[in-house]
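Here are my comments on the model you sent round, set out as numbered points. Please read them with the structure open beside you.

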Amino acid sequence: MTKAGTSPKREQAPTGHGDSSSGSAPEYTGSTAQRTGADIVWDVLASEGVDVVFGYPGGAIMPIYNALHQRPIRHVLVRHEQGAAHMADGYARASGKVGVCLATSGPGATNLVTGIATAMLDSSPLVCITGQVPSSLLGSDAFQELDITGVTLPITKHNYLVTRAEDIAPTLREAFFIARSGRPGPVLVDITKDAQQATASIESPPGPVRLPGHRPAHHPSTEELTRAAELIASAERPLILAGHGIIKAEASAQLRELVEKTGIPVASTLLGLGGFPATHPLSLGMMGMHGEAWVNTAIQESDLLIALGMRFDDRVTGNLKTYARKARKIHVEIDPSELNKNVQVDVPLAGELRRTLTELLPRITPRTCTPWVQHIKALKSSSAARDIQYMPHNGRLHAAHVIHDLWWLTQGKALMVTDVGQHQMWEAQYYRHERPRQLITSGGLGTMGFALPAAMGARFAQPGEEVWVVVGDGGFQMSAAELSTCAQEGIKLHVAIINNGYLGMVRQLQQFFYENRYTATPLLNPDFVKLAEAHGLNGLRVTRREEIPEAVAQARASPCTTVIDFRVEQEDSVYPMVPSGADLDEMIRRPQDDSEVCAMSPWNSGAV
């Protein structure tokens with residue numbers, strides 16, 4: 001946080017390290033002439049390659065909004081500031097670039113907080129710009145004054161209070177550098193109204209960003225790399241755990257080379273899905289609380305875990321005391337604070353993931369793991385009878401059927417954005433993600449209301465993609481007002497509401513652990529079709545599985561956003577499930593009496 005009236009000190013940071021996907025900032029084209037602070041904001045955003053921002057105006061940020069006139073940067077007017085943060089987050093996740101959102105002081109700034117925390121927990125690079133009351137009023141409890149830097153200190157990589165126009169350009173450049181470097185994350189810049197209105201000259205071209213004490217570059221030693229290679233060579237039951245870092249570091253090619261050189265199978269975290277192709281013979285699927293049963297069992301039986309860009313969070317490990325006790329562990333992570341934080345490892349490798357894998361690969365002796373892979377296949381076969389694909393069809397519409405059929409009808413090529421809850425887990429289980437950045441979801445914070453605005457940001461990042469929003473009826477209503485933004489901005493999305501009339505994941509917990517007392521979980525929903533139509537959008541309803549192909553075809557043919565209300569089984573549950581605090585392989589499985597008859601899809605010759 002910059003003190004009032006002072007310029008941030010800067011020091012040359014190491015080059016060649018940081019967010020490899022975004023590269024260096026575009027050449028600066030500003031002028032040394034006097035400019036208002038508000039003009040400087042837009043000059044710097046343009047120099048950083050920003051083409052779209054998401055925001056909501058207000059009194060304390062009006063000078064910045066006034067300076068937007070005739071700028072080449074597009075502004076998307078949201079209906080709630082939280083939506084602006086989620087849109088910037090979705091843009092960042094889909095593009096690998098820094099997302100930008102704007103809000104005014106006081107309640108405008110605090111409405112960003114949930115979106116900032118969401119980005120922080122999932123390492124998503126954002127720059128959040130807020131207006132603040134004039135510096136002469138700071139500390140006076142002025143109208144809409146709030147210490148937003150104090151509020152957001154725990155949920156940002158860094159934040160600033162800027163009170164002088166001449167500090168705006170260097171501060172914003174630092175903010176972009178910090179957001180994208182090392183482990184990415186959100187940075188907040190709070191700018192007083194008088195700083196926006198005052199004039200200053202800016203350096204053209206700007207000097208390099210210099211941050212005192214900022215040393216994000218870490219690199220494993222030759223001895224550590226050699227030790228890791230030795231463990232890989234000697235293991236009989238090794239597994240690779242692929243996390244979000246694979247996608248962040250753009251290390252999918254290096255991961256695939258490692259897998260094909262060693263024959264080691266790959267399990268993925270929720271945020272790591274797509275980092276390794278789901279259809280690859282050595283892809284096992286998702287691990288953890290709602291991961292595949294055979295994956296969790298294999299982890300507990302393994303003798304070596306190679307964790308790549310993941311945090312060993314509680315949803316992955318279950319009971320830490322019993323987690324993979326037979327396994328030695330190698331952990332590659334860009335953030336050294338994550339090493340040995342939750343799980344003690346034998347070889348911690350602190351460093352940028354792609355570079356670390358590139359240096360590790362020549363040290364690894366080619367090998368196979370055929371007996372181990374065959375054992376895991378046997379585990380998978382024993383689990384198949386409990387899977388949704390063997391559930392009776394009988395005209396009933398199950399959420400998992402919807403997700404599977406969306407995968408089939410889109411040929412697995414759509415960009416999927418999910419909200420949080422049962423539908424999120426079904427999507428992870430039944431939509432097979434083949435490439436990085438194909439799944440956008442809130443993992444660390446688990447933010448309901450995330451999906452719709454995040455998908456809108458993803459649409460701007462990937463205008464040529466087919467974008468599907470998978471959302472529960474509860475989470476959808478938390479940000480449904482952003483349908484107006486879809487209409488006003490001409491955004492085309494396909495919104496699949498998995499409507500079971502409950503807060504589904506909470507209802508499932510009530511069923512399993514609270515004697516079926518469904519307290520505060522039944523939902524009285526609006527007519528989602530009419531709600532879409534009220535915004536001038538397309539609305540459809542599906543109650544039978546046979547109607548899914550026609551609904552998808554109509555959504556694709558529509559020139560605008562289409563909302564599809566899928567009326568699914570109300571009391572279906574996500575299986576398997578590891579109860580909180582239980583061992584990873586102590587899973588609640590689908591009851592056998594629900595899995596007697598194989599259901600065949602009318603447009604797919606295989607079991608679905």
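1. The model is a predicted one, and I begin with its internal space, where the count comes to one cavity of 30 Å³ or more. The largest cavity holds about 110 Å³ of space.

2. Which residues line the largest cavity? Its lining consists of R93, H244, I247, K248, L270, L271, L273, R437, L439, I440 and T441. By residue class, this lining divides into six nonpolar, two polar and three charged residues, so a reader looking at the cavity walls should expect those three classes side by side in the list.

3. As to where the lining comes from, α10 (244-248) and β16 (439-440) each supply at least two of its residues. The largest share, three residues, is that of α10.

4. On the overall make-up, the protein has 23 helices and 20 strands, and of its 608 residues 59% are buried. When contacts between residues at least 6 apart in sequence are taken, 76% of them join residues at least 24 apart.

5. Helix α21, which spans residues 504-513, deserves a separate look, since the helix has G504, M505, R507, Q508 and Q510 as buried residues. Part of what covers these buried residues of α21 is α17 (422-430). Just after α21 comes E515, which takes a positive phi of about 55°.

6. Turning to charged pairs, the structure holds 27 salt bridges, and one of them joins the side chains of E338 and R183, with an N to O distance of 2.9 Å. E338 lies in the loop between β13 (328-333) and β14 (347-350), whereas R183 lies in the loop between α7 (168-180) and β7 (186-192), so this pair ties together parts that are 155 residues apart in sequence. E338 counts as buried because its relative accessibility is 6%, and the cut-off for that term is under 20%.

7. How exposed are the partners in the salt bridge between the side chains of R164 and E166? The N to O distance of this pair is 3.4 Å. R164 counts as partly exposed, at 27% relative accessibility, and E166 is likewise partly exposed, with a relative accessible area of 37%.

8. A further salt bridge is formed by R315 with D314, where the closest N and O atoms are 3.9 Å apart. Given that the cut-off for a salt bridge is 4 Å, I would read this pair with that value in view. D314 counts as exposed because its relative accessibility is 56%, and the term applies over 50%.

9. My last point concerns the network of salt bridges that links R35, D39, D43 and R71. Within this network, D39 is found in helix α1, which covers residues 37-47. The side chain of D39 makes a polar contact with the side chain of R71 at 3.0 Å, and another with the side chain of T36, also at 3.0 Å. Leaving aside residues up to four places away in sequence, D39 touches A67 and R71, so that R71 appears here both as a contact of D39 within 4.5 Å and as a member of the salt-bridge network.

Note on methods
Residues numbered from 1 in each chain as written. Predicted model: local features only at pLDDT ≥ 70, side-chain atom pairs only at ≥ 80, totals over all residues. Heavy atoms only, no water. 1 Å grid on protein atoms, 1.4 Å probe; cavity = no way out; pocket = protein on both sides within 12 Å on 5 of 7 lines; lining within 4 Å. Points joined across faces, edges and corners; volume = space filled by probe spheres on them. Helix = DSSP H or I, 4+ residues; strand = E, 2+ residues; numbered from the N terminus. Buried < 20%, exposed > 50% of the residue type's maximum accessible area, 1.4 Å probe, protein only. Polar contact = N/O pair within 3.5 Å; in protein donor to acceptor, adjacent residues only side chain to side chain.
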